Amino acid sequence: MACVHDHSCEDHDCSSNWSLYKHIDLSKVSALNEATPGSVKYVFKAWEDRLNSSGDHLESNEGDPELLVFIPFTSDVKIKGISIVGGADGTSPSKMRAFINRDGIDFSDVQSMQAIQEWDLVENNQGVLEYQTRYSKFQSVANITLHFPDNFGGETSKIHYIGFKGEATQLKRDAVVNIVYEIMPNPSDHKTRAESGGGLSHVE
């Protein structure tokens with residue numbers, strides 16, 4: 001489902017609502033079938049910069065409009081909406097499929113896997129549309145893979161902006177791992193008095 005973004009962002013603080021780009025682990029973002037390796041990183045930016053098409057963008061290889069974008073987050077997130085600003089002249093993606101918490105999937109995988117949600121896209125060159133998620137299914141998202149199987153007739157697919165609306169958890173995943181480690185102490189790190197000749201067997 002697509003919703004029109006028809007209000008004043010000055011009144012609604014859209015930049016804050018669409019701030020999940022700050023929680024994207026850009027060093028691990030990747031795309032399959034991108035014409036310029038690494039160009040996918042440039043589509044994740046602040047909401048107010050979404051229409052800035054003067055810089056680098058994500059583009060598929062000539063004659064093959066399909067794209068597969070893997071986006072990991074630095075902390076688990078909840079995603080309420082997704083915004084896609086594509087290219088002009090038929091190069092904007094026409095369909096989007098989402099896969100949650102699936103590492104290392106490729107084009108052959110997505111053909112046989114059931115997406116958690118699919119959307120029919122429209123050309124959104126002005127960045128006024130957002131695609132709502134089935135919010136209950138987009139909780140505790142560590143990574144999301146977006147599959148764009150086709151476009152509106154262009155020789156290539158172009159994407160200038162991918163934005164996520166939602167919220168991030170307070171704890172980063174590596175912090176959670178450290179907490180679990182501390183909850184399960186190494187016995188060698190906590191000697192008892194009995195072991196050291198003190199006569200008591202409780203852990204200090």
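Why is strand β5 (residues 95-100) largely enclosed by the rest of the structure? Here are my notes, starting with that one.

1. **The enclosed strand.** This is a predicted model, so read everything below as a description of a prediction. In strand β5, 5 of the 6 residues are buried, so the rest of the structure largely encloses it.

2. **The overall layout.** The protein has 4 helices and 9 strands. If you walk along from the N terminus, you meet them in the order β-α-α-β-β-β-β-α-β-β-β-β-α. Of its 204 residues, 42% count as buried. The accessible surface is about 11,100 Å², and carbon and sulfur atoms account for 48% of that.

3. **Who touches whom.** Take the contacts between residues at least 6 apart in sequence: 79% of them join residues at least 24 apart. Keep that in mind when you get to the aromatic pairs further down.

4. **The partners of β5.** Back to our opening strand. With strand β6 (residues 117-120), β5 pairs in the antiparallel sense over 4 bridges. Two of the partnerships are easy to find: methionine 96 is bridged to tryptophan 119 of β6, and lysine 95 to aspartate 120 of β6. β5 is also joined to strand β8 (residues 141-148) by 4 bridges, and these two run antiparallel. There, arginine 97 has histidine 147 of β8 as its bridge partner.

5. **Two faces of β6.** In a regular strand, side chains alternate between the two faces of the sheet. Now look at β6: Gln117 and Trp119 make up its covered face, while Glu118 and Asp120 make up the uncovered one.

6. **The main nonpolar core.** The largest nonpolar core has 32 residues, and those with the most contacts inside it are Phe44, Ile71, Ile79, Ile144, Leu146, Phe148 and Phe164. The elements giving two or more residues to this core are β4 (67-86), β5, β7 (129-132), β8 and β9 (158-168). β4 provides the largest share, 8 residues. So what does isoleucine 71 touch, not counting residues up to four places away in sequence? Its contacts are Ile24, Val29, Phe44, Asn143, Ile144, Leu146 and Phe164.

7. **A second core.** There is also a separate core of 6 residues, which includes Ile105, Val110, Met113 and Ala115. Try colouring the two cores when you look at the model.

8. **Aromatic pairs: tryptophan 47 and tyrosine 161.** The count of aromatic pairs comes to 3. One of them is made by tryptophan 47 and tyrosine 161, an edge-to-face pair with 6.3 Å centre to centre and 75° between the planes. This pair links distant parts of the chain, 114 residues apart: tryptophan 47 sits in the loop between β2 (30-32) and β3 (58-59), and tyrosine 161 in strand β9. Tryptophan 47 is buried, at 3% relative accessible area, and tyrosine 161 is buried too, at 0%.

9. **Aromatic pairs: tryptophan 119 and phenylalanine 138.** Here the ring centres are 6.4 Å apart and the planes are at 55°, so the pair counts as tilted. Tryptophan 119 is in strand β6 and phenylalanine 138 in the loop between β7 and β8, so the pair ties together parts 19 residues apart in sequence. Tryptophan 119 is buried, with a relative accessible area of 1%, and phenylalanine 138 is buried, with 0%. You have already met tryptophan 119 twice: as the bridge partner of methionine 96, and on the covered face of β6.

10. **A charge over a ring.** Which residue lies over the face of tryptophan 47? It is arginine 50, at 3.8 Å from the ring centre.

11. **Aspartate 106.** Buried or partly exposed: which is aspartate 106? It counts as partly exposed, because its relative accessibility is 31%, and buried means under 20%. Aspartate 106 is found in the loop between β5 and α3 (107-112). Setting aside neighbours within four places in sequence, aspartate 106 is in contact with Leu32 and Leu68. The C-alpha atoms of aspartate 106 and histidine 147 are separated by 9.6 Å, and these two residues are 41 residues apart along the chain. Histidine 147 is the β8 residue bridged to arginine 97.

Conventions. Residues are numbered from 1 along each chain as its sequence is written. This is a predicted model: local features need pLDDT of at least 70, side-chain atom pairs count only at pLDDT 80 or more; totals for chains, interfaces and linings use all residues. Side-chain values use heavy atoms; hydrogens and water are left out. Buried means under 20% relative accessible area, exposed over 50%, partly exposed in between (1.4 Å probe, protein chains only). Contact means heavy atoms within 4.5 Å. Accessible areas come from the Shrake-Rupley method with a 1.4 Å probe; for residues, only the protein chains shown count as cover. Two strands pair if DSSP finds at least two bridges between them. A nonpolar core is a set of buried Ala, Val, Leu, Ile, Met, Phe, Trp, Tyr and Cys residues joined through side-chain atoms within 4.5 Å. Rings of Phe, Tyr and Trp (its six-membered ring) pair if their centres lie within 6.5 Å; planes under 30 degrees apart count as stacked, over 60 as edge-to-face and the rest as tilted. A charge sits over a ring if NZ of Lys or CZ of Arg is within 6 Å of the ring centre and within 35 degrees of the ring normal.
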